[in-house]
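User: I'm new to this one, so could you walk me through it in plain words?

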Amino acid sequence: MVEVARELMQQAPKVSGAGDMFQLLRDGRPRTRADLAAVTGQARSTVAARIDLLMAAGLIAPAGEASSTGGRPPATFAFAPSARVVLGVDLGATHARLALTDLASTVLAQRDLPLLITDGPEPVLDQVALTGFELLAEAGRSPGELAGVGVGLPGPVEHATGKPNNPPIMPGWDDADVPAILGARFNAPVLVDNDVNIMALGEHRAAWPDVADLLFVKVATGIGAGIIADGALRRGAQGSAGDIGHVAVPGVTDIVCRCGNIGCLEAIASGLAVANALQGTTTPADVVALVRAGDVVASQAVRQAGRDIGAVLATSVSLLNPSMIVIGGILADAGEHIVAGIREVVYQRSLPLATQHLRIVTARTGARAGVLGASAMAVDQALSSEAVDRLVA
Ligand SMILES: [Zn+2]
């Protein structure tokens, strides 16, 4: 009996409710009722009823007429990204970037503001809420049109609860209920993740949507990675997948990390580590400025950081077999030096099958990666089959 039931389930059309049918339209391509009936295997009347529901909710709109071989041309329908808006929030140690976007993550209004994460959750999230409402007003949208909020934090986050977990540079934030605090202000669902994961998501969606297996590496004050596998962000069991900053670099025995271990990647190759090792630099931005000015010593130091990062990434390549490694974070602004160092070691240390089609490049979205990813995370939740079914019910 169980076998029969399972077989029936496998034969059943993959698409059942309006929410599922909407997923077919999310690519933005206009489709006719007949197209959707053919793909879903559902009756034309069922498809027509679901189109009416999605139209009434504003999620799809008429998109003109399809070409016809005779008779009246059939009407087409397509995703309407302007139906609602979401707020993407990228919080750093000393600054924040907020962007109000439509449901295709097109930015409608954006704001950068100085902010100290060490002020603690209530004051910081108050400021986020205030700015969010200002952006809504600026874009001419009402708070009721806000379908969700995505937040990136500069520390470890348990994604399921949205709570930071012992974040080293965020005193007062441990276990803070960020979704509840911001959710009460905005009256909308709030999703939280660490900054590297949202950057990986933003860079993937905006720049490389067709690359299914991608590793995003942020090299800034610290070092972390976000993993895209089979087209989706992978967070691991607790949300700490990709946390490569405290992996030991082979052969380093004399450098103690702030975490207490010896030879951590972050203690050797982060932007801060390079800045501390060079004369006359205190921040990663100083290092980038020196490299851009043609300083040979700084350029060599960044290239060596690239080699050290490459040693850890070679192991990641063996584990995950990505087809692309994207380097982001401020040290990526130092140009080709860091990527050259990474390539040198990854290609030398990995097996040919893993590297024959592997591309290692710098990020295209730059400082926008975080807000774009935070927006994409909120959109994914707002447009999930379940959320759409609730909306049209
Ligand atoms: Zn460490």
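User: How far apart are the closest N and O atoms in the salt bridge that Asp 195 forms with Lys 218?

Analyst: In this predicted model, where local features need pLDDT of at least 70, side-chain atom pairs count only at pLDDT 80 or more, and totals for chains, interfaces and linings use all residues, the closest N and O atoms of Asp 195 and Lys 218 are 2.9 Å apart. A salt bridge here is a side-chain nitrogen of Lys or Arg within 4 Å of a carboxyl oxygen of Asp or Glu. Residues are numbered from 1 along each chain as its sequence is written, and side-chain values use heavy atoms, with hydrogens and water left out.

User: Where do Asp 195 and Lys 218 sit?

Analyst: The pair links distant parts of the chain, with Asp 195 in helix α7 (residues 195-207) and Lys 218 in strand β11 (residues 214-219), 23 residues apart. Helices (H or I, at least four residues) and strands (E, at least two) are DSSP runs, numbered from the N terminus.

User: Are Asp 195 and Lys 218 buried or exposed?

Analyst: Both Asp 195 and Lys 218 are buried. Buried means under 20% relative accessible area, exposed means over 50%, and partly exposed lies in between (1.4 Å probe, protein chains only).

User: Which residues are joined into one network by salt bridges that share partners?

Analyst: Arg 26, Arg 205 and Asp 380 are joined in that way.

User: And how many salt bridges does the structure hold?

Analyst: The structure holds 15 salt bridges. One of the pairs is Asp 126 with Arg 185, whose side chains meet at 2.4 Å, N to O. That pair also links distant parts of the chain, since Asp 126 lies in helix α5 and Arg 185 in helix α6, 59 residues apart. Asp 126 is partly exposed at a relative accessible area of 37%, and Arg 185 is partly exposed as well, at 30%. Another salt bridge joins the side chains of Glu 145 and Arg 141 at 2.9 Å, N to O; Glu 145 counts as partly exposed at 22% relative accessibility, whereas Arg 141, at 17%, counts as buried.

User: Let's stay with α5 for a moment. Why does its end-to-end distance agree with what a helix should span?

Analyst: Helix α5 covers residues 121-138, and its 18 residues should span 26 Å at 1.5 Å a residue, so the 25 Å between its end C-alpha atoms agrees with that. The expected span is 1.5 Å times one less than the number of residues.

User: What do the buried residues of α5 pack against?

Analyst: They pack against strands β4 (85-91), β5 (95-102) and β6 (107-114), and also against helix α6 (178-186), where contact means heavy atoms within 4.5 Å. The buried residues of α5 include Val 124, Leu 125, Val 128 and Leu 135. After the helix comes Gly 140, whose phi is positive, near 70 degrees.

User: New topic: which residues coordinate the zinc ion?

Analyst: The zinc ion is coordinated by His 246 through ND1 and by Cys 257, Cys 259 and Cys 264 through SG, at 1.9 to 2.4 Å. Donors are N, O and S atoms within 2.8 Å of the metal (3.2 Å for Na, K and Ca), and water is not among the atoms, so sites may look incomplete. In sequence, these donor residues are spaced H-x10-C-x1-C-x4-C.

User: What geometry does that site have?

Analyst: The site is tetrahedral, with angles of 104 to 121 degrees among the 4 donor atoms; four donors count as tetrahedral if all angles lie between 85 and 135 degrees.

User: Are those cysteines buried or exposed?

Analyst: Cys 257 is buried, with a relative accessible area of 6%, and Cys 264 is buried at 1%, while Cys 259 is partly exposed at 40%.

User: How many disulfides are there?

Analyst: The count comes to 0 disulfides, a disulfide being a pair of cysteine sulfur atoms within 2.5 Å.

User: Last one: what covers the buried residues of α12?

Analyst: The cover includes β11, α11 (296-320), β14 (324-328), α13 and β15 (359-362). Among the buried residues of α12 are Ile 338, Val 339 and Ile 342. Helix α12 itself (residues 336-349) has 14 residues and reaches 20 Å from its first C-alpha to its last, close to the 20 Å expected.

Key: Tetrahedral: all angles 85-135°; square planar, octahedral: opposite > 155°, others 65-115°.
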